[in-house]
Amino acid sequence: EAVGPQDYTGIKMKVLEWSKAAQDALASSADALKGKTVYLVAATLRPETMYGQTNCFVGPDLKYGIYQVNDNEAYLCTERAARNMSQQKLFASTQIIKLADIKGAPIVGTKIHAPMSVYPAVYVLPMETVLATKGTGVVTSVPSDSPDDFATLSDLKKKPEYYHIEPEWVNGFEPIPIIDTPNYGNLIAPKLCEIKKINSQKDKNQLAEAKEIAYKEAFYQGVMCHGEFTGVKVQDAKPKVREFLLKSGEAFVYNE
Ligand code: A2H
């Protein structure tokens, strides 16, 4: 767990098509949302992995809001995150303007664009362990490099009906090699899940161990094997990929 202040990258995941359930849930807010592009905002510490995004996660039981950024844009996140964003002057207005309320469950199935991802469009999926008290409550998913993301996506692929998702929201979205590591190869999260015999997102202790190893191994020994920074050490590529995302307007600095 992080103690001091965290310097996150806020990834703007543009809504391409709301799920049927989200359309119903947002029907009464149609006027407020009219003319606004909505982005799900995911807080990440690993911007260099964004090429490998396969989906994004929301907590099905969490409450989210859609907050006005300016005349054209709105962000979907928790209220807690919106307050932080407002304090960090990320909104044009000094007041917080909430355009809509929505729970996590109906957002699932929404089609979004994940910046830099190999997959041009990905889906919003449910993850039980998303914390309301961290980041934006939206987690972008990189199953190649995050054991939590790999374990959860694997659960969803095994039992789509149990999780109330359509198979096409997960099928075909495979982990992509982004970072090569000396000890665990170029798909470190699947490898660690195999070594630690992680069978589901509920295997908390093994996942915590896997997460720790994955983070250190990639940061200190990892080398990019995808994209324009191929061959560059992760330590050096991380700020460069982040800068690219910030400059392109597809991400912003978010602290908490
Ligand atoms: B990371 P820290 Cl590839 N609930 O991004 C649960 N997890 C959350 C969250 C929330 N509300 N908000 C953010 N996170 C995740 C990428 C990634 C991340 C990779 C590998 C490891 C990793 C893709 N998912 O995190 O407690 C986000 O997932 C492991 C540390 O503030 C974010 O970065 O240190 C990370 O946890 C922030 O966790």
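Okay, one bit of vocabulary before we start: when I say polar contact, I mean a pair of N or O atoms within 3.5 Å. And keep in mind that what you see above is a predicted model.

So, the ligand. There are 17 residues around it, and the ones that come nearest are Y8, T44, L131, K134 and D149. Take L131 to begin with: a polar atom of the L131 backbone sits 2.7 Å from a nitrogen atom of the ligand. With Y8 the side chain does the work of getting there: one of its N or O atoms is 2.5 Å from a ligand oxygen. Then there's Q6, where a polar side-chain atom lies 3.1 Å from an oxygen atom of the ligand.

Now let's move to strand β1, residues 7–17. Which strands does β1 pair with? One is β2, residues 37–44, antiparallel, over six bridges. In that pairing T9 has T44 as its bridge partner, and T44 is one of those nearest ligand residues I just listed. Another is β7, residues 111–113, again antiparallel, with three bridges; there, V15 stands opposite I112. And β12 joins β1 through five bridges, also antiparallel, with I11 partnered by A251.

That brings us to helix α8, residues 234–247. It has 14 residues and spans 20 Å from first C-alpha to last, close to the 20 Å you'd expect at 1.5 Å a residue. Its buried residues are V234, A237, K238, V241, R242 and L245. Looking down the axis of α8, those buried residues fall within an arc of 135 degrees, so they line one face of the helix. And what covers them? The cover includes β1 and β12, along with β10, α7 and β11. Just past the end of α8, G249 takes a positive phi, about 80 degrees.

Last stop: T54, in the loop between β2 and β3. Is T54 buried or exposed? Buried, with a relative accessible area of 0%; the cut-off for buried is under 20%, so T54 clearly falls in that class. Its side chain makes a polar contact with the side chain of N55, at 2.7 Å. Setting aside neighbours within four places in sequence, T54 is in contact with Y119, V122, S141, P143, L153, F173 and E174.

That's my tour, so over to you for questions.

Definitions and conventions
Residues numbered from 1 in each chain as written. Predicted model: local features only at pLDDT ≥ 70, side-chain atom pairs only at ≥ 80, totals over all residues. Heavy atoms only, no water. Helix = DSSP H or I, 4+ residues; strand = E, 2+ residues; numbered from the N terminus. Expected span 1.5 Å × (residues − 1). Buried < 20%, exposed > 50% of the residue type's maximum accessible area, 1.4 Å probe, protein only. Arc of directions from axis to C-beta. Contact = heavy atoms within 4.5 Å. Pairing = 2+ DSSP bridges. Near = heavy atom within 4 Å. Polar contact = N/O pair within 3.5 Å; in protein donor to acceptor, adjacent residues only side chain to side chain.
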